Amino acid sequence: HFVGTAAKSVNLAQKEVHLSDGVSLQYQQLVIATGGTVPRLGIPGVKLPGVCCLRNLHDADTIRAHAAESRHAVVVGGGLLGLEAGKALIDLGLLVRVVHRQPHLLNRQLDAEGSMLLQQNLSRQGFSFSLGCEIAAISGSGTIDAVTLTNGEKLPADLLVLATGIKANDLLGQAAGLDCSSGILTNSFLESSSKGVYALGECARV
């Protein structure tokens, strides 16, 4: 076990993994499971306090702490994660607006009619929605106080939660020379383009 030590590079020819502490490990079979990260918005104000990702328990604790001092929350992402986060914030007493770049919610799971029924139900629970648009800018002095959408709408926001899915962390595979395209490419057995090297989880793409 090498807890607290990162894998820095992989030498496919020599079948070695080089660690951040200088140790090199030989392998016969290698599994890469480096997970994913939350894509950050490349827009002004994204580093202001009150702009939060939702990825792990620490993120959830951070959001809860901000929510205790907030009134208006904007959730970016109308997928399962975003809607669940929005409901939790409503239960904490916040006014919640979901911003989703697609024209309907849960666009990967529902057709337009099903999405409309879901939206009507969620609206009765306290949600409001801005669909078919994205965040253009985040404003605030010291902390977030508003967001501007690509449709020109400006929303009050004490808390902004980014729930836009994940980006595959395939950097180790890319640097090693594995075939990658928004993830380490694998076959149906999770084997990468290099024999004996496998990828699984959020870093992989079958």
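Which helix and which strand each supply at least two residues of the lining of the largest pocket? In this predicted model, they are helix H2, residues 80-91, and strand E8, residues 95-100. Let's step back for the overall picture, then return to that pocket.

The chain holds 4 helices and 17 strands. Along its principal axes, the C-alpha trace spans about 60 × 40 × 30 Å. Of the 206 residues, 38% are buried. If you look at contacts with a separation of 6 or more, 50% of them come from residues 24 or more positions apart.

Now for the empty spaces. Rolling a probe the size of a water molecule over the atoms shows where empty space is left. The largest pocket has a volume of about 750 Å³. Its lining takes in 25 residues, and the ones nearest the centre are Arg101, Arg108, Ala163, Thr164 and Gly165. Sort that lining by character and you get 12 nonpolar, 9 polar and 4 charged residues.

The second largest pocket offers about 180 Å³ of space. Helix H1, residues 57-67, and H2 each give at least two residues to its lining. Among the lining residues are Ala60, Asp61, Ile63 and Arg64, along with Glu84, Ala85, Ala88 and Leu89. Leu54, Leu92 and Val161 line this pocket too. Here the split is 8 nonpolar and 3 charged, with no polar residues.

H1 deserves a walk of its own. Start at its N-terminal end, where asparagine 56 acts as a cap: one of its side-chain oxygens lies 3.2 Å from the backbone nitrogen of histidine 58. Moving along the helix, you meet the buried residues Asp59, Ile63 and Ala67. Looking down the axis of H1, these buried residues fall within an arc of 75°, so they line one face of the helix. There's a simple rule behind patterns like this: an α-helix has 3.6 residues a turn, so residues three or four places apart point the same way.

What does that buried side of H1 pack against? Its partners are strand E6 (51-53), H2 and strand E13 (159-162). Turn to the face of H1 that looks away from the buried side, and you'll find the exposed residues Leu57, His58 and Arg64. Ile63 and Arg64 both line the second largest pocket, even though Ile63 is buried while Arg64 is exposed.

A few loop residues are worth a stop as well. Lysine 15 sits in the loop between strand E1 (7-11) and strand E2 (16-19). Though not a glycine, lysine 15 has a positive phi of about 55°. Its relative accessible area is 35%, which makes it partly exposed.

Leucine 106 also has a positive phi without being a glycine, with a value near 45°. You'll find leucine 106 in the loop between E8 and helix H3 (112-124). Is leucine 106 buried or exposed? Its relative accessibility is 11%, so it counts as buried.

Last stop: threonine 186, in the loop between strand E15 (184-185) and strand E16 (197-199). Threonine 186 is buried, with a relative accessible area of 11%. Which residues does it touch, once neighbours within four places in sequence are set aside? Threonine 186 is in contact with Glu191, Ser192, Ala199, Ala204, Arg205 and Val206.

Technical notes:
Residues are numbered from 1 along each chain as its sequence is written. This is a predicted model: local features need pLDDT of at least 70, side-chain atom pairs count only at pLDDT 80 or more; totals for chains, interfaces and linings use all residues. Side-chain values use heavy atoms; hydrogens and water are left out. On a 1 Å grid over the protein atoms alone, a cavity is a set of points where a 1.4 Å probe fits but cannot get out, and a pocket is an open set with protein on both sides within 12 Å along at least five of seven lines; lining residues have an atom within 4 Å of a point. Grid points are joined across faces, edges and corners, and a volume is the space filled by probe spheres set on the points. Ala, Val, Leu, Ile, Met, Phe, Trp, Tyr, Cys and Pro count as nonpolar, Asp, Glu, Lys and Arg as charged, and the others, Gly among them, as polar. Buried means under 20% relative accessible area, exposed over 50%, partly exposed in between (1.4 Å probe, protein chains only). The arc is that of the directions from the helix axis to the C-beta atoms. Contact means heavy atoms within 4.5 Å. A polar contact is a pair of N or O atoms within 3.5 Å; within protein, one must be able to donate a hydrogen and the other to accept it, and residues adjacent in sequence count only if both atoms are side-chain atoms.
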